[in-house]
Amino acid sequence: MTIAAHATSMLNPIEMFMAADLVVKAVMIGLVVASLWSWAVIIDKAIKFSGLNSRARAFEAEVGSGRSLEDIAAQAGTNPEHPLPRMLVIALADWRETRTRGPLNEHQGNLLVSRIDRALDSLIARESQRVENGLGVLSVVATSSPFVGLFGTVWGIMNAFGAIAASGNTNLATVAPAISEALFATALGLAAAIPAYIAYNKFSIDAGKFTGRLESFADDLQAAVARRLSGPAPSTPASRSYDDTARREY
């Protein structure tokens, strides 16, 4: 085999895997599985965040269009999948239930706002956990893969030095294949860790932004309910809508 052909075989991932020690092979397989797992999470989160944000923009555009929020909530249904319309449905349901009992004094109004606040906070906490699902996988892969790959490298180099001691041959051409196989484990570890690390940071920021979006909408809903409490009580279903000031705020 010529030097060039020998160098080419040393860079062939399949040949390096087949020639590696069993422990190094196990490390390589584990790293490939971790990389595939992290890429599955990355693709899933990218699709979900894109869908959540696009639907949130569409819903915010509807709210800002000046339509009655009762109409928007009715269009969303009783249990919307997206958290923003679900927050609106919850707030308006509490409002309607309380106002059917008659006029509210200041204390009852404060209790209503507090109850809506707790309900929206609970929903935001659940949605925050849901959008962060899977980020733990990316964190584990990003932090542990380089060390797992380094373990495979150290093990392979130890075997290479053991072979040198057993044969008494210190020719670099003899031990280079074993060392390249060992270093390939580190390369796999980095290949698994780098995308997972970048995706973890990116999706963590996206999750924080989405949670902030929910919190801002919750604050707007509470302010709108407070304005309704301070205004005249609606007497007919047709009049149960936010005033122009509330619409402009949304």
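How many residues apart are K202 and D206 in helix α8? I started my notebook with that one, and the reply is four, or about one helical turn. One reminder to myself before going on: this is a predicted model.

**Entry 1: the K202 pair**

I looked up the closest N and O atoms of K202 and D206 and found them 2.6 Å apart, in a salt bridge. The two partners differ in cover: K202 is partly exposed at 45% relative accessible area, whereas D206 is buried at 16%.

**Entry 2: the overall layout**

Next I stepped back to the whole chain. I counted nine helices and zero strands, so my element string, read from the N terminus, is simply α-α-α-α-α-α-α-α-α. Of the 250 residues, 37% are buried. I also checked how contacts spread along the sequence: among those between residues at least 6 apart, 79% join residues at least 24 apart. The chain exposes about 13,800 Å², and carbon and sulfur atoms supply 64% of that area.

**Entry 3: the cores**

Which residues touch the most other members of the largest nonpolar core? My lookup gave M87, L88, L138 and F217, out of 40 residues in that core. The elements giving two or more residues to this core are α3 (22–63), α4 (69–76), α5, α6 (106–132), α7 (135–167) and α8. Helix α8 provides the largest share, eleven residues. I noted a second, separate core as well; it has nine residues, including M16, V24, A185 and L188. As background, nonpolar side chains tend to be buried together in soluble globular proteins.

**Entry 4: a nonpolar patch on the surface**

I then turned to the outside. L190, I194, Y197 and I198 make a nonpolar surface patch of about 420 Å². I followed up on Y197, which sits in helix α8 (residues 172–230). Y197 has a relative accessible area of 52%, so it counts as exposed.

**Entry 5: more salt bridges**

A search of the whole structure gave me seven salt bridges. I picked out two more besides the opening pair.

D44 and K48 meet through their side chains, with N to O at 3.5 Å. Both lie in helix α3, four residues apart, which is about one turn of the helix. Each is partly exposed: D44 has 34% relative accessible area and K48 has 46%.

R130 and E127 form the other bridge, with their closest N and O atoms 2.8 Å apart. These two are three residues apart in helix α6, again about one helical turn. Is E127 buried or exposed? I found E127 buried, at 5% relative accessibility, while R130 is partly exposed at 40%. The pair also belongs to a network of salt bridges that links R86, E127 and R130.

**Entry 6: an acid without a partner**

My last stop was D94, in helix α5 (residues 83–99). Why does D94 have no salt bridge with R115? R115 is the nearest side chain of opposite charge, but it is 4.3 Å away, and a salt bridge needs the nitrogen within 4 Å of the carboxyl oxygen, so this pair misses the cut-off. D94 is buried all the same. Leaving aside neighbours within four places in sequence, I listed L112, R115 and I116 as the contacts of D94. R115 therefore touches D94 under the contact cut-off of 4.5 Å, yet the two are not counted as a salt bridge.

How values were computed
Residues are numbered from 1 along each chain as its sequence is written. This is a predicted model: local features need pLDDT of at least 70, side-chain atom pairs count only at pLDDT 80 or more; totals for chains, interfaces and linings use all residues. Side-chain values use heavy atoms; hydrogens and water are left out. Buried means under 20% relative accessible area, exposed over 50%, partly exposed in between (1.4 Å probe, protein chains only). Lys and Arg count as positive and Asp and Glu as negative; His and the chain ends are not counted. Patches are made of residues with over 30% relative accessible area and no salt bridge: like charges are joined within 9 Å, nonpolar side chains (Val, Leu, Ile, Met, Phe, Trp, Tyr) within 5 Å. Accessible areas come from the Shrake-Rupley method with a 1.4 Å probe; for residues, only the protein chains shown count as cover. A nonpolar core is a set of buried Ala, Val, Leu, Ile, Met, Phe, Trp, Tyr and Cys residues joined through side-chain atoms within 4.5 Å.
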